[in-house]
Protein chains: 2
Amino acid sequence: MNRRDFAGLLAGLSAIASLAAKAQNAQPAGTATSVTCLIHPNMVMMDLVAPLTVFNLLLADIRLVAKSSDPVSTELGLPVVPTHTFATAPRQSTVLFVPGGLAGSVATMQDQSTLNYLAEAGAQSDWVTSVCTGSLLLAAAGLLDGYRATSHWYVKDLLAMAGAEVTDGRVVHDRNRLTGGGVTAGLDFGLSLAAQLADENMAKTIQLVLEYDPAPPFNAGTPETAGEELTSRVLERRNPLIEQARTALSGRQI
Amino acid sequence: MNRRDFAGLLAGLSAIASLAAKAQNAQPAGTATSVTCLIHPNMVMMDLVAPLTVFNLLLADIRLVAKSSDPVSTELGLPVVPTHTFATAPRQSTVLFVPGGLAGSVATMQDQSTLNYLAEAGAQSDWVTSVCTGSLLLAAAGLLDGYRATSHWYVKDLLAMAGAEVTDGRVVHDRNRLTGGGVTAGLDFGLSLAAQLADENMAKTIQLVLEYDPAPPFNAGTPETAGEELTSRVLERRNPLIEQARTALSGRQI
């Protein structure tokens with residue numbers, strides 16, 4: 001699948017494309033932004049698509065990397081076709097990005113070939129980043145040891161088991177690590193990273209194009225605002241997977 | 001593609017699945033929520049995925065309907081495979097939903113077979129809904145005549161040409177019409193609709209699972225907050241497509 005062919009069809013985005021090209025032209029030649037996304041089974045589609053929407057408007061060279069070249073399932077039933085496998089993907093890129101999804105992340109954080117790939121790519125990328133439970137994968141690969149970081153509210157405390165300093169905040173930035181909270185934090189994460197990769201005016205232009213002026217109809221996006229009853233209901237069903245994540249991180253503490 | 005097979009893989013979402021099943025059990029038997037999404041070439045993936053993430057957590061029966069069974073391109077280069085064509089899709093559903101994307105919407109609003117399908121499905125669905133420039137398609141199909149509605153900020157005024165009463169607001173609700181603003185409004189739209197289809201507690205639980213507690217790093221999501229310079233830059237490049245949309249709606253005013 002040639003992503004550029006598809007991207008070329010979207011004449012409506014040419015405004016931003018042009019702005020992004022100008023921003024990239026300000027960099028030394030040959031240093032166009034590359035974003036390598038780990039694609040793992042049962043990931044949550046929104047964790048991938050929200051940041052990807054921003055990266056795409058930055059005209060980044062986007063790579064979708066998976067263990068094999070087979071289409072990868074998502075929770076929505078919309079499969080994602082990798083552009084590279086661990087065997088063919090470059091290790092170096094501007095941004096290494098890992099989306100989440102609890103069930104998928106818990107399974108994949110126990111897959112040694114994925115952790116090896118992440119460790120190698122993380123060591124050679126300018127930015128090491130995640131949204132939602134994607135940070136469990138970074139942690140399991142040893143990439144958050146000694147860094148401030150966050151994750152989905154229901155697992156973020158586990159990051160401490162891998163040496164991370166669990167930090168409050170929708171998006172946590174520590175040196176070249178940028179980690180976001182659960183699912184929808186991918187928008188705030190993407191715009192924060194866009195400001196780092198290009199500049200604040202570019203990030204604001206993307207925000208305007210995406211009309212990102214949120215107005216949630218309810219105030220229940222965190223355990224504190226949702227209250228104990230709803231939080232308990234969610235945790236009750238998530239706990240078996242959260243315990244699997246805890247065990248997986250314990251096993252790596254040797 | 002059997003979406004239920006994929007959905008079944010996501011054990012981590014079983015909490016909400018169970019809650020949704022309970023909510024649906026409160027309805028008369030045989031009235032499970034069905035959501036019919038129009039899939040059109042060059043749509044913006046995020047316009048589809050944000051609402052779909054909410055509909056999926058509601059355990060809705062989701063149909064992806066396109067003109068033919070070929071994979072449909074999106075601006076991200078991730079194609080979407082339809083589950084139905086206009087020939088095979090049922091006209092009746094709980095929700096008819098149309099995502100946007102300016103270039104794609106402008107092309108598709110001039111395709112008579114799509115407008116015919118929308119008019120038929122709209123007349124037989126409990127809810128007629130859109131995000132972003134998807135409302136241009138509803139308007140072109142005659143489905144917003146006499147209704148309050150909105151769209152992406154750069155085209156919403158055009159809806160008046162099709163008899164709509166253009167209304168301020170991130171999500172506009174008028175009888176069985178629910179229309180959202182640009183791209184990221186799909187989250188606020190999805191949660192608003194979830195509260196209507198199930199109840200407020202279900203919508204709040206989904207908000208908590210998606211950790212939707214937005215914290216944009218900048219305040220530039222509207223022309224008013226982004227300011228004249230950034231707004232002009234975006235409009236300058238969008239204007240040719242906006243003019244095409246205007247012409248398309250003029251042609252339908254006969």
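How many helices and strands does chain A have? Chain A has ten helices and nine strands. The legends below describe close-up views of a predicted model.

**Figure 1. Overview of chain A in the predicted model.** The ten helices and nine strands of chain A belong to a chain of 254 residues. Of these residues, 61% are buried. Contacts in chain A between residues at least 6 apart in sequence include 69% that join residues at least 24 apart.

**Figure 2. Helix 3 of chain A and helix 3 of chain B, whose axes come within 10 Å.** In each chain this helix comprises residues 45–57, and the two axes cross at roughly 150 degrees. That angle makes helix 3 of chain A roughly antiparallel to helix 3 of chain B, because angles over 145 degrees are counted in that way. The crossing of the two helices is left-handed. From chain A, the residues making the contact are A:Met45, A:Met46, A:Val49, A:Ala50 and A:Thr53. From chain B, they are B:Met45, B:Met46, B:Val49, B:Ala50 and B:Thr53. By class, eight residues of this contact are nonpolar and two are polar, with no charged residue.

**Figure 3. Helix 7 and helix 8 of chain A, packed at an angle of about 145 degrees.** The axes of helix 7 (residues 185–197) and helix 8 of chain A are 7 Å apart. Their crossing is right-handed. Helix 7 of chain A contributes A:Leu191, A:Ala194 and A:Ala195 to the contact. Opposite them, helix 8 of chain A contributes A:Glu200, A:Ala203, A:Ile206 and A:Gln207. Five of the residues in this contact are nonpolar, one is polar and one is charged.

**Figure 4. Surroundings of A:Leu210, a residue in the loop between helix 8 (200–209) and helix 9 (223–226) of chain A.** Is A:Leu210 buried or exposed? With a relative accessibility of 4%, A:Leu210 counts as buried. Beyond residues up to four places away in sequence, A:Leu210 touches A:Thr53, A:Val54 and A:Leu57 of chain A, together with B:Gly182, B:Val183 and B:Thr184 of chain B. The C-alpha atoms of A:Leu210 and A:Leu187 are 9.8 Å apart, and the two residues are separated by 23 residues in sequence.

**Figure 5. The salt bridge between A:Arg246 and A:Glu243 in helix 10 of chain A.** Side chains of opposite charge can pair when their charged atoms come close. For A:Arg246 and A:Glu243, the N to O distance is 3.2 Å. The two residues are about one helical turn from each other, because they stand three residues apart in helix 10 (residues 228–251) of chain A. A:Arg246 is partly exposed at 35% relative accessibility, and A:Glu243 is partly exposed at 37%. Over all chains, the structure holds 20 salt bridges.

**Figure 6. The salt bridge between B:Asp111 and B:Lys67.** The closest N and O atoms of this pair are 2.4 Å apart. Which parts of chain B does the pair tie together? B:Asp111 lies in the loop between helix 4 (102–108) and helix 5 (112–123), whereas B:Lys67 lies in the loop between strand 2 (61–66) and strand 3 (84–85), so the pair ties together parts of chain B that are 44 residues apart in sequence. B:Asp111 is buried, with 18% relative accessibility, because the cut-off for buried residues is under 20%.

**Figure 7. The salt bridge between B:Arg148 and B:Asp174.** The side chains of these two residues meet with an N to O distance of 3.9 Å. B:Arg148 belongs to strand 6 (residues 148–149) and B:Asp174 to strand 8 (residues 171–174) of chain B, so that the pair links distant parts of the chain, 26 residues apart. B:Arg148 is partly exposed at 31% relative accessibility, whereas B:Asp174 is buried at 7%. In chain A, salt bridges with shared partners join A:Arg148, A:Asp174 and A:Arg175 into one network.

**Figure 8. A:Cys132 and B:Cys132, each with a positive phi.** Most residues other than glycine have a negative phi. A:Cys132, which is not a glycine, has a positive phi of about 60 degrees. This residue is placed in the loop between strand 5 (125–130) and helix 6 (134–140) of chain A, and A:Cys132 is buried with a relative accessible area of 2%. In chain B, the phi of B:Cys132 is near 60 degrees. B:Cys132 is found in the loop between strand 5 (125–130) and helix 6 (134–140) of chain B, and B:Cys132 is buried with a relative accessible area of 3%.

Note on methods: Residues numbered from 1 in each chain as written. Chains lettered and ligands numbered in written order. Predicted model: local features only at pLDDT ≥ 70, side-chain atom pairs only at ≥ 80, totals over all residues. Heavy atoms only, no water. Axes fitted to C-alpha atoms, helices over the stretch in contact; angles between N-to-C directions. Helix = DSSP H or I, 4+ residues; strand = E, 2+ residues; numbered from the N terminus. Parallel < 35°, antiparallel > 145°, perpendicular 65-115°, else oblique. Left-handed = near helix turned anticlockwise from the far one by under 90°. Contact = heavy atoms within 4.5 Å. Nonpolar A, V, L, I, M, F, W, Y, C, P; charged D, E, K, R; others polar. Salt bridge = Lys/Arg side-chain N within 4 Å of Asp/Glu carboxyl O. Buried < 20%, exposed > 50% of the residue type's maximum accessible area, 1.4 Å probe, protein only.
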